[in-house]
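Me: I am new to this one. Please show it to me, and then I will ask how each label is earned.

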Amino acid sequence: MKLKPKHSMQRYEARARITKALAHPVRLMMLDALAERECCVCELTELVGLDQSTVSKHLAVLRQAGVIDRRKEGTKTLLTLKVPCLQGMWNCVEAVLEDHLRAQQALMQS
C-alpha cells in the first residue's frame, strides 16, 4: 500500500513555522511562565535575564506564530498564552527525555 501525506505541504510548512518559534530555550522559559499566569514584559525580562529589546524580539516570534497574545494596560504590555494545549506537548517531550535518560543509564550500567 502506497503512503500518502495526511495533510498538504502548506500545512506541514505551517507546522514547521510554529515548531521553529518554540525551538529556543528562552522562549520555552517564557512560555512556562505564561502557562502559570499573565505576565508583563518587565517580569519576563527579569525572569530570563536578558535586555528588554531581546525579550521583545523573542515575544514577537511567539506572537507571529500565534502562540501568545498581548494587551496594553496603561503603560504595561501584558502577555498571555493563547494555547494552553502546549502543556500536553511538553509532557510528551518530558517523557521522551526521561526515556532517553533511562536508556543512557542502562547503557552505562552494562
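Me: What makes Met-89, Val-93 and Leu-97 a nonpolar patch on the surface?
Reply: This is a predicted model, and the label comes from a rule. Patch residues need over 30% relative accessible area, and nonpolar side chains are joined within 5 Å. Met-89, Val-93 and Leu-97 form such a patch, with about 250 Å² of accessible area together. Leu-97 lies in helix H5.

Me: Which residues form the negative surface patch?
Reply: Asp-32, Glu-36, Glu-94 and Glu-98 form it. Helix H2 (25-36) and helix H5 (86-109) each give two or more residues to this patch. Asp and Glu count as negative, so the patch takes that name.

Me: Why is Glu-36 called exposed?
Reply: Exposed means over 50% relative accessible area. Glu-36 has 69%, so it is exposed. Its place is in helix H2.

Me: How much of the chain counts as buried?
Reply: Of the 110 residues, 25% count as buried. The cut-off for that word is under 20% relative accessible area.

Me: How do you know what radius of gyration a compact globule of 110 residues would have, and what does the chain have?
Reply: The rule is 2.2 Å times the number of residues to the power 0.38. For 110 residues that gives a value near 13 Å, but the chain has 18 Å. The C-alpha trace spans about 55 × 45 × 20 Å along its principal axes.

Me: What pattern does the chain follow along the sequence?
Reply: The pattern is α-α-β-α-α-β-β-α. The chain has five helices and three strands.

Terms used
Residues numbered from 1 in each chain as written. Predicted model: local features only at pLDDT ≥ 70, side-chain atom pairs only at ≥ 80, totals over all residues. Heavy atoms only, no water. Patch = residues over 30% accessible without salt bridge, like charges linked within 9 Å, V, L, I, M, F, W, Y side chains within 5 Å. Areas by Shrake-Rupley, 256 points an atom, 1.4 Å probe, with all protein chains shown as cover. Salt bridge = Lys/Arg side-chain N within 4 Å of Asp/Glu carboxyl O. Charge placed at Lys NZ, Arg CZ, Asp CG, Glu CD. Helix = DSSP H or I, 4+ residues; strand = E, 2+ residues; numbered from the N terminus. Buried < 20%, exposed > 50% of the residue type's maximum accessible area, 1.4 Å probe, protein only.
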